[in-house]
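Here's a structure to walk through together. Have the viewer open and follow along as we go from one region to the next.

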Amino acid sequence: MINNSTLKIAIASGKGGTGKTFIATNLYITLQQKGYETTLVDCDAEEPNDMIFFESIKETSYDITQKVPVIDESKCTYCSRCQEYCNYNAIFILPPSKIINVIEDLCHGCGACSVACRFDAITEKDIVLGTVTSFERTKKSRIIEARTRVGGCSPGSHGNDWISPR
Ligand code: SF4
Ligand code: SF4
């Protein structure tokens with residue numbers, strides 16, 4: 001018996017192939033069949049596969065974006081201050097050759113380089129990291145899925161699932 005308050009169940013593991021999806025999808029369908037309003041969240045953004053087992057009547061998607069710096073080389077003095085502020089080695093600079101590049105795949109969008117620049121040479125743009133999609137299955141049940149764009153950086157962990165019945 002589950003009380004009125006929302007209960008969240010996490011099915012997590014640091015290793016792939018241990019049965020997280022098997023447990024999560026079966027728990028989800030069991031709770032749904034018992035009449036609980038249930039949401040299954042597939043957090044395996046690299047390879048979400050919970051929806052392989054289900055159909056949806058409606059889906060809604062939106063992009064997840066991150067800010068990355070854009071360097072205006074007409075204003076840049078190649079002082080290297082932005083590179084010194086960057087903890088992620090995401091700025092490549094060769095002052096003698098007047099070369100400066102942002103390595104977008106390494107950028108974490110922290111904004112430190114923008115703060116560092118004293119010459120107003122850095123602005124920001126949005127890049128798409130992936131999408132979050134909500135699949136409505138019944139009036140009382142849905143699946144939410146995170147999915148990184150192809151070629152995007154790894155989130156650095158194995159996928160996990162959340163279930164929220166109430
Ligand atoms: S936003 Fe942060 S991580 Fe990205 S290049 Fe600038 S300092 Fe580095
Ligand atoms: S801090 Fe500004 S001026 Fe200096 S190298 Fe970076 S972008 Fe260029």
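**A walk through the model**

Let's start in a loop: Ser 80 has its place between E3 and H2. Keep in mind throughout that this is a predicted model. Ser 80 isn't a glycine, yet its phi is positive, at about 75°. For context, most residues other than glycine have a negative phi. How buried or exposed is Ser 80? Its relative accessible area is 14%, and the cut-off for buried is under 20%, so Ser 80 counts as buried.

Tyr 78 sits in that loop too, between E3 and helix H2 (81–85). Tyr 78 also has a positive phi, near 60°, in a residue other than glycine. Because its relative accessibility is 13%, Tyr 78 counts as buried. Asp 72 is another residue of the loop between E3 and H2, but Asp 72 has a relative accessible area of 31%, so it is partly exposed. If you look across from Asp 72, you'll find Thr 123: the two are 51 residues apart along the chain, and their C-alpha atoms are separated by 7.8 Å.

Now zoom out for the overall layout. The protein chain has three helices and eight strands. Read from the N terminus, the order of the elements is β-α-β-β-α-β-β-α-β-β-β. The chain has 166 residues, and 33% of them count as buried.

Next, the cavities. How many cavities of 30 Å³ or more does a search of the whole structure find? There are two. The largest cavity holds about 110 Å³ of space. It is lined by 14 residues, and the closest to its centre are Pro 69, Cys 107, Cys 110, Gly 111 and Cys 113. Which elements each supply at least two residues of that lining? They are strand E3 (58–71) and helix H3 (112–116). By residue type, the lining of the largest cavity splits into nine nonpolar, three polar and two charged.

That cavity is occupied in the model: ligand 1 sits in it. Around ligand 1 you'll find Pro 69, Cys 86, Tyr 88, Ala 90, Ile 91, Cys 107, His 108, Gly 109, Cys 110, Gly 111, Ala 112 and Cys 113. Sorted by type, the shell around ligand 1 has nine nonpolar residues, three polar and no charged.

Ile 91 from that shell is worth a click. Ile 91 is found in strand E4 (residues 91–94), and with a relative accessible area of 6% it is buried. Another member of the shell around ligand 1 is Pro 69. Ile 91 and Pro 69 are 22 residues apart in sequence, and the C-alpha to C-alpha distance between them is 9.4 Å.

On to the other cavity. The second largest has a volume of about 90 Å³. Its lining consists of 15 residues, and the closest to its centre are Cys 76, Cys 79, Cys 82, Ile 100 and Cys 117. Here the lining divides into 12 nonpolar residues, two polar and one charged.

Which ligand sits in the second largest cavity? That would be ligand 2. There are 14 residues around ligand 2, and Cys 76, Thr 77, Cys 79, Cys 82 and Cys 117 come nearest. The shell around ligand 2 comes to 11 nonpolar residues, two polar and one charged. Cys 76, for one, is listed both among the residues nearest ligand 2 and among those closest to the centre of the second largest cavity.

Last stop: the aromatic rings. The count here is one aromatic pair. The partners are Tyr 28 and Phe 54, arranged edge-to-face, with 5.3 Å centre to centre and 85° between the planes. The pair links distant parts of the chain, 26 residues apart: Tyr 28 belongs to helix H1 (residues 20–33), while Phe 54 lies in the loop between strand E2 (38–42) and E3. Are these partners buried or exposed? Tyr 28 and Phe 54 are both buried.

Methods:
Residues numbered from 1 in each chain as written. Chains lettered and ligands numbered in written order. Predicted model: local features only at pLDDT ≥ 70, side-chain atom pairs only at ≥ 80, totals over all residues. Heavy atoms only, no water. Near = heavy atom within 4 Å. 1 Å grid on protein atoms, 1.4 Å probe; cavity = no way out; pocket = protein on both sides within 12 Å on 5 of 7 lines; lining within 4 Å. Sits in = over half its atoms within 2 Å of the grid points. Nonpolar A, V, L, I, M, F, W, Y, C, P; charged D, E, K, R; others polar. Points joined across faces, edges and corners; volume = space filled by probe spheres on them. Helix = DSSP H or I, 4+ residues; strand = E, 2+ residues; numbered from the N terminus. Buried < 20%, exposed > 50% of the residue type's maximum accessible area, 1.4 Å probe, protein only. Phe/Tyr/Trp six-rings, centres within 6.5 Å; stacked < 30°, edge-to-face > 60°.
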